Amino acid sequence: MGEEVKLHGTWASPFSCRVIWALKLKGIPYEYIEEDLSNKSSQLLQHNPVHKKIPVLVHGGKAICESMIILEYVEEMWPQNPLLPTDPYERADARFWIKFAEEKGPAMWMVYRTSGEEQEKAVKDTLEMLRAIEAHGLVDKKYFGGDKIGIVDIAFGQIAQWLGIIENIVGVKLLEAHKFPRLHAWIKNFKEVPIIKENLPDRDEMMVVYKRFREMLLTSSRDS
């Protein structure tokens with residue numbers, strides 16, 4: 001597969017990071033194109049005309065959009081260093097948790113994007129998601145799939161770095177160590193994987209960006 005691989009993303013996005021982690025774990029060389037979301041490139045708009053969002057993977061001139069769909073494509077296109085288990089039951093279980101991450105994950109971003117009653121509901125939904133993962137997703141396992149990092153860990157990767165930033169900015173504690181010991185252990189294990197560690201955006205830099213963006217969001221919602 002000598003065809004060129006390009007990734008359009010933004011450095012502070014957990015969804016861009018998902019794709020970077022997968023490509024790096026599989027050892028696939030690619031060209032990274034940093035997008036300014038306030039001034040999107042013509043290539044991005046051309047490659048993702050429907051949602052006009054990052055990340056977009058371009059492989060041999062063909063564009064694939066949406067981070068988890070990109071991960072499925074990467075897994076099928078480059079089967080080396082598999083991210084999905086081979087056993088059909090384990091694979092079905094992985095797909096269950098990926099779907100769970102996609103359906104429930106947005107709640108933590110609603111904590112960040114809202115205030116007042118709306119935020120209270122988002123906090124409740126986020127805690128519900130974390131409790132389900134703690135009780136059923138990580139039982140006696142280092143990673144979601146066992147001893148090796150896989151696609152479900154990548155799907156939940158935003159909990160490992162971004163949730164802490166949301167907590168700090170909003171001033172709400174969600175992931176308390178005594179309530180979520182398994183999740184805390186998983187975060188530690190996840191961040192210690194060299195490829196993840198080397199490709200996690202800087203926490204302090206993200207704090208600045210996400211703080212500023214939240215202020216803009218709240219100002220615009222007050223003004224509208």
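Visitor: In what order do the four strands of the open sheet stand?

Guide: To read a sheet, follow it from one strand to its neighbour. In this predicted model, the order is β2-β1-β3-β4, and the pairing is mixed.

Visitor: Which are the edge strands?

Guide: Look for strands that pair on one side only; here these are β2 and β4 (62–65). On average, neighbouring strands of the sheet are turned by 20° against each other, with direction ignored.

Visitor: How do I see the mixed pairing? Which way do β1 and β2 run, parallel or antiparallel?

Guide: Compare the directions of the two partners. Strand β1 (residues 5–9) and strand β2 (residues 31–34) run parallel, joined by four bridges. Within this pair, L7 is found opposite Y32 of β2. Strand β3 (residues 56–59) and β4, by contrast, run antiparallel, and four bridges join them too. There, V56 has C65 in β4 as its bridge partner.

Visitor: What does the chain pass through between β1 and β2?

Guide: Trace the backbone and you will find helix α1 (residues 14–26) on the way, giving a right-handed β-α-β crossover. Helix α1 lies across β1, β2 and β3, at about 155° to β1.

Visitor: At what angle do α1 and helix α8 pack?

Guide: Imagine a line along each helix. The angle between α1 and α8 (residues 157–170) is about 140°, and the axes are 10 Å apart. Angles over 145 would count as roughly antiparallel, so α1 is oblique to α8. Their crossing is right-handed.

Visitor: Which residues meet there?

Guide: From α1 come P14, F15, C17, R18 and W21, meeting G157, Q158 and W162 of α8. By type, this contact has five nonpolar residues, two polar and one charged.

Methods. Residues numbered from 1 in each chain as written. Predicted model: local features only at pLDDT ≥ 70, side-chain atom pairs only at ≥ 80, totals over all residues. Heavy atoms only, no water. Pairing = 2+ DSSP bridges. Helix = DSSP H or I, 4+ residues; strand = E, 2+ residues; numbered from the N terminus. Right-handed = clockwise from strand over helix to strand, strands pointing away. Axes fitted to C-alpha atoms, helices over the stretch in contact; angles between N-to-C directions. Parallel < 35°, antiparallel > 145°, perpendicular 65-115°, else oblique. Left-handed = near helix turned anticlockwise from the far one by under 90°. Contact = heavy atoms within 4.5 Å. Nonpolar A, V, L, I, M, F, W, Y, C, P; charged D, E, K, R; others polar.
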